[in-house]
Amino acid sequence: MHFTKMLTVCCAIMLSVTFSINADAQCLSAGFGQFPATTFTPLCNTSAESIVTNAWTDEYSVVAVLAGTEYTFASSVSTHLVTISADDGLTETTSGTGSVTWTAPADGEVRFYTHLSSACDGAQISHTRSVQCGSTCPDGSVAGDPCDDMDASTVNDVVQQDCS
């Protein structure tokens with residue numbers, strides 16, 4: 001009788017551990033691999049930039065990121081699960097439906113995954129993966145603009161290519 005009770009308790013513990021692990025499943029699979037094959041480096045000019053316009057779900061893109069910069073990663077399909085990993089796909093950094101916003105703690109590269117759902121499923125149906133980054137300064141200019149003099153009175157002034 002004691003053995004049966006212990007066996008029942010052990011089985012209950014194992015099942016609860018299994019279900020709690022599966023409830024927090026991370027979608028870091030990529031049955032179709034990396035696409036495109038090269039790392040995408042965004043301009044960070046506050047506009048959304050297409051990484052790829054013919055992506056599939058159950059694959060990922062690699063994006064270069066800079067410390068302290070806020071990034072919004074998005075799929076053109078609002079129901080897609082978006083997952084970001086900052087450690088070569090070992091763990092999830094953040095995830096959400098349609099898009100996620102995340103601030104890079106350090107310079108490096110992230111994997112940007114898209115899946116059909118939290119079941120981590122995929123299909124060979126085209127969609128766009130995009131990233132948006134960069135911030136607008138108080139004077140309306142874009143951070144990092146070499147012609148920005150941080151003077152609010154010069155917003156929209158026309159300047160030459162050499163900033164003169």
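**Reasoning from values to terms in a predicted model**

In this predicted model, the elements of the protein chain run α-β-β-β-β-β-β-β-β from the N terminus on. The chain has 1 helix and 8 strands.

Me: Why is the pair of Glu 59 and Arg 129 called a salt bridge?
Reply: The closest N and O atoms of Glu 59 and Arg 129 are 3.1 Å apart. The cut-off between a side-chain nitrogen of Arg and a carboxyl oxygen of Glu is 4 Å, so the pair qualifies as a salt bridge. By this rule the count comes to 1 salt bridge.

Me: What makes this pair a link between distant parts of the chain?
Reply: Glu 59 belongs to strand E2 (residues 59-65) and Arg 129 to strand E8 (residues 127-133), with the two positions 70 residues apart in numbering. Both Glu 59 and Arg 129 are buried.

Me: Why is Ser 61 called buried?
Reply: The relative accessible area of Ser 61 is 0%. Buried means under 20%, therefore Ser 61 is buried. Ser 61 lies in strand E2.

Me: How do you know that the side chain of Ser 61 makes a polar contact with Phe 35?
Reply: The side chain of Ser 61 reaches the backbone oxygen of Phe 35 at 2.6 Å. The limit is 3.5 Å, so this pair counts as a polar contact.

Me: Which residues does Ser 61 touch, not counting residues up to four places away in sequence?
Reply: Ser 61 touches Phe 35, Pro 36, Ile 51, Val 52, Val 110, Arg 111, Phe 112 and Arg 129. Arg 129 is also the salt-bridge partner of Glu 59.

Note on methods. Residues numbered from 1 in each chain as written. Predicted model: local features only at pLDDT ≥ 70, side-chain atom pairs only at ≥ 80, totals over all residues. Heavy atoms only, no water. Helix = DSSP H or I, 4+ residues; strand = E, 2+ residues; numbered from the N terminus. Buried < 20%, exposed > 50% of the residue type's maximum accessible area, 1.4 Å probe, protein only. Polar contact = N/O pair within 3.5 Å; in protein donor to acceptor, adjacent residues only side chain to side chain. Contact = heavy atoms within 4.5 Å.
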